[in-house]
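Subject: Structure for your review

Dear colleague,

Please find below the structure that I would like to hand over to you. I would be grateful if you could keep it open while you read the notes beneath it.

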Amino acid sequence: MKAIKTYILVTVGLLSLLLAGCSSEEAVDNNLIIENKVRFELFTKPDSYGQPATRANADENNLDKTPWILVFVGGNENATFAEAVQAEVIGTKSYVYLEKQTGACQLLVLANPADKFYFNGTAYDYNKSDFTTALSGISLKDASEKMLTEPLNDPQTTLPFIGKKLVMSDLVSMPSGIAAGNSIPTITLKRTVAKMVLSSTASTSNFTLEGITAVVNTPKHSRLYNWNNSLTYANTSLINYGSDASFSSDFVQATANSTADSPIYLYESAYNSTNNDTYLIVRGTYQNETFYYKMALVANQVQLDVERNYSYEFTITAVKGRGYSTIADVMASKASNTNLDYTVLVQDNSGYEILSNNDYFLGVTNSHFELYANNYSGSEYTAFTLITDCKTPFVDKKTIKSLTTGLTIVSPTEIPLSTTAPYDVKIKLDDGFTEGKIEVHLGSLKKIITVRRQPAPSLNKTISDFIPGGSNYISAYIVNYPMINGIPDPSHWLQLSPGGEPVRNDPHSITTDNGLIDLHISFQGESDVYVSMNKDNMVQRIKVHVKVVFNNV
């Protein structure tokens, strides 16, 4: 059994929410101060779990325009609740008015709220009065630990969250308080639930996946925001998902050996052998007989925790024996998975441009590689990173090749099909190379990556051009940007800002609403930047590699 586990990353993010501050008491760029409140415009950008489900799925990627902002005064977990404000829509834009605060603050952002939230076991509505009643005098730590989602039923007899926006949250710090001239840095909203899909690639002459009959021992609720990423709190109040209490029929039916059309959403929890051993009861036809299999959530012989905003894809690759004939027997058995071989893929497909067919997918981190560097004989560059779950042993069409003279593929020239792990594609460029193309061909899927080299920029240069004919830029982030006590280093040699605007206090990761992005260079160094652009109503990802060296030749 092979497994790969990759955290769902920011840019990629998942979701970014950028609140931009004002700079005077008059209206400036739609920002102003009214009495003791500062108005901020909200910019939202949805991300993806990965390849989207197509039928009975939640509304995974959409954000409403009126999230709740809970203000806590203080710079640590003991920060005290001050106010709750819901954003409002004016025209087509979202705004929020926050009371001025002279000291450090933290903002807890709750997006896509459900009907109720629970605090200390009491149900409250999402409104200013109920937030104030529940949280008055409460610290950020206590609010995080005690503010929960609405509970699911026990048993949960219908797929939860179907057709609904998923509750999301995150925290952003404002070390200089809420005031004119202070902007709020980009924050990342995480869904409160994980997503799970089960598929089978086992020989259909031997085994057919019929469905998931039950999910056993999963939490009925979750923290709205998990301030310390602890999962053990969820190991109480466990429930089951099933068509009824006796699991008389499948909870989710498989289509074409997969539940991708009906993904299951679960609240986070930590595995514990005594009080939380989440498992699936899987129904399938093995050698023309129907059996149940008890399937633990295991990767590389280690029990998996279920974590919010993760996507778990389990693929049964072989069935080696009979299961159990009844629900009672399978529940009484150990979830050893002895007769099931499967792989586990837990990853961030939203960090890739994805092509797929009915059998496999092909993803690349970027479809354009922009190099700002002078000619360096022998230098190798990682043009992009590739990932696939293809297991078909294609003979010819599994190639990575250059389509342009002067552009050489160093490694790999053939797509490895023995792993679901991502791997880097490295290239060399001849002196005088300016533009070219790389072709990635896997079975019926083909992807073209464009490459352009420009001269190394001079010091104090601003780059606004990241791809030929580029426009409608959405967001960008600098890889491995240095942080000081959690705050982006304001003196770093490479910084971002919205196009035509000065650098703010989020120079490492920005979202823009004017379609323009500036990359500022103040010293020598070498780094990667990922830029996202809207192209034909799709997101195109661009990797920019910048190398600045004194006395370049």
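The notes below describe what was found, beginning with the whole chain and then turning to particular regions.

Please bear in mind that this is a predicted model. The chain has 553 residues, and 55% of them are buried. Its secondary structure amounts to 3 helices and 43 strands. Among contacts between residues with a separation of 6 or more, 71% link residues that are 24 or more positions apart.

Next, the nonpolar cores. In soluble globular proteins, nonpolar side chains tend to be buried together. In this model, the largest nonpolar core contains 41 residues, and Ile264 and Phe314 have the most contacts inside it. Another core lies apart from that one; it has 27 residues, including Ala373, Leu407, Val425 and Val440.

A few words on the cysteines. The count of disulfides is 0. Cysteine 105 has a relative accessible area of 1% and is therefore buried, the limit being under 20%. Cysteine 390 is buried as well, with a relative accessible area of 0%.

Three strands deserve to be viewed together: S28, S33 and S34. Strand S34 covers residues 445–454, and 7 of its 10 residues are buried, so this strand is largely enclosed by the rest of the structure. Strand S28 (residues 368–372) pairs with S34 in the parallel sense through 5 bridges, and histidine 368 stands opposite threonine 450 of S34. Strand S33 (residues 435–442) runs antiparallel to S34, and 8 bridges join the two. Here glutamate 435 faces arginine 452 in S34. S33 and S34 form a hairpin with 2 residues between them, and glycine 443 in the turn has a positive phi of about 60°.

Another region to examine is an open sheet of 3 strands, arranged in the order S11-S10-S12 with antiparallel pairing. Which strands stand at its edges? They are S11 (122–125) and S12 (147–148); each has a single partner strand, so one side of each is left without a neighbour in the sheet. Helix H1 (residues 128–135) packs on this sheet and touches S10, S11 and S12, and its direction makes about 10° with that of S10. Strand S10 (residues 116–119) and S12 are joined in the antiparallel sense by 2 bridges, where tyrosine 118 has leucine 148 of S12 as its bridge partner.

Finally, two residues may be followed through their surroundings. Serine 200 belongs to strand S15 (residues 193–200). Is serine 200 buried or exposed? Its relative accessibility is 9%, so serine 200 counts as buried. A polar atom of the serine 200 side chain lies 3.3 Å from the backbone nitrogen of alanine 202. Setting aside residues up to four places away in sequence, serine 200 touches Phe207, Leu209, Asn257 and Ile316.

Threonine 208 is located in strand S16 (residues 207–219). With a relative accessible area of 28%, threonine 208 is partly exposed. Beyond its neighbours within four places in sequence, threonine 208 is in contact with Asn257, Gly284 and Thr285. Threonine 208 and asparagine 257 are 49 residues apart in sequence, while their C-alpha atoms are 6.4 Å apart in space. Asparagine 257 is thus a point at which both descriptions meet, being touched by serine 200 and by threonine 208.

Yours sincerely

Conventions
Residues numbered from 1 in each chain as written. Predicted model: local features only at pLDDT ≥ 70, side-chain atom pairs only at ≥ 80, totals over all residues. Heavy atoms only, no water. Core = buried A, V, L, I, M, F, W, Y, C linked by side-chain atoms within 4.5 Å. Buried < 20%, exposed > 50% of the residue type's maximum accessible area, 1.4 Å probe, protein only. Disulfide = S-S within 2.5 Å. Helix = DSSP H or I, 4+ residues; strand = E, 2+ residues; numbered from the N terminus. Polar contact = N/O pair within 3.5 Å; in protein donor to acceptor, adjacent residues only side chain to side chain. Contact = heavy atoms within 4.5 Å. Pairing = 2+ DSSP bridges. Axes fitted to C-alpha atoms, helices over the stretch in contact; angles between N-to-C directions.
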